Amino acid sequence: QVQLVESGGGLVQAGGSLRLSCAASGTIFSINTMGWYRQAPGKQRELAAGITSGGTTSYADSVKARFTISRDNARNTVYLQMNSLKPEDTADYYCYALMSQYSRNPQYYWGQGTQVTVSS
């Protein structure tokens, strides 16, 4: 069984910072891409940031220059440093990982979500 456990969400004032963490545990053969999606109230889920096993990153235009994604491959953990937060960053943030168990074909796994609220 594989789990993705997130932490670090909360309430912050506009202009503040938060750091999200997501650790994968269980029987893992390999992890390809990890990252974060977010879903704001009444909106579709969107990709906020992703990072490959080699460290290549991608960001939504709305978070570029404010968010930084990183990962610790030894700990199977991905981080999202969020700076200069805006009220429009308020959303549920979901960690994801494309990974394989027992050398099987990779599939997507999801965390339970962590809430980020930015007050104006």
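**Sheets, rings and a core: a walk through the model**

Hi everyone, let's start with one residue pair: R19 stands opposite Q81 in β8. Before I go on, please keep in mind that this is a predicted model.

That pair belongs to a bigger arrangement, where β3 and β8 run antiparallel and are joined by 6 bridges. Which strands make up the open sheet, and in what order? There are 4 of them, with antiparallel pairing, and the order is β1-β3-β8-β7. The edge positions go to β1 and β7; each has a single partner strand, so one side of each is left without a neighbour in the sheet. From one strand to the next, the twist averages 15°.

Now let's stay with β8 and look at L80. Leaving aside residues up to four places away in sequence, L80 touches L18, R19, L20, W36, A49, F67, T68, I69 and Y93. You'll notice R19 in that list again.

L80 also takes us into the core. In soluble globular proteins, nonpolar side chains tend to be buried together. Here the largest nonpolar core has 29 residues, and the members that touch the most others are L4, W36, V78, L80, M82, Y93 and M99. Where does it draw its residues from? The elements giving two or more are β1, β3, β4, β5, β7, β8, β9 and β11. Strand β9 supplies the largest share, 5 residues.

So, on to β11, which covers residues 114-119. What are its neighbours? On the one hand, β2, residues 10-13, runs parallel to β11 and is joined to it by 4 bridges. Within that pairing, Q13 has S119 as its bridge partner. On the other hand, β9, residues 91-100, runs antiparallel to β11, with 3 bridges between them. There, Y93 is partnered with T114. Remember that Y93 is also one of the core residues touching the most other members.

In a regular strand the side chains alternate between the two faces of the sheet. For β11, which residues are on the covered face and which on the uncovered one? T114, V116 and V118 are on the covered face, while Q115, T117 and S119 are on the uncovered one.

Next, my favourite part, the rings. The count comes to 4 aromatic pairs. Y37 and Y96 make an edge-to-face pair, 5.4 Å centre to centre with 70° between the planes. Y37 lies in β4 and Y96 in β9, so this pair ties together parts that are 59 residues apart in sequence. Are these two buried or exposed? Y96 is buried, with a relative accessible area of 6%. Y37, at 25% relative accessibility, counts as partly exposed, because the buried class stops at under 20%.

Y96 has a second ring partner: its centre is 6.0 Å from that of Y108, and the planes are at 45°, so that pair is tilted. It links distant parts of the chain too, with Y96 in β9 and Y108 in β10, 12 residues apart. Put together, ring pairs link Y37, Y96, Y108 and W110 into a cluster.

One last residue to click on is R45. Its charged end sits over the ring of Y94, 4.0 Å from the ring centre. R45 also lies over the face of W110, at 5.2 Å from the ring centre. That brings us back to the cluster, since W110 is one of its members.

Thanks for listening!

Technical notes:
Residues numbered from 1 in each chain as written. Predicted model: local features only at pLDDT ≥ 70, side-chain atom pairs only at ≥ 80, totals over all residues. Heavy atoms only, no water. Buried < 20%, exposed > 50% of the residue type's maximum accessible area, 1.4 Å probe, protein only. Pairing = 2+ DSSP bridges. Phe/Tyr/Trp six-rings, centres within 6.5 Å; stacked < 30°, edge-to-face > 60°. Lys NZ or Arg CZ within 6 Å of the ring centre and 35° of its normal. Core = buried A, V, L, I, M, F, W, Y, C linked by side-chain atoms within 4.5 Å. Contact = heavy atoms within 4.5 Å. Axes fitted to C-alpha atoms, helices over the stretch in contact; angles between N-to-C directions.
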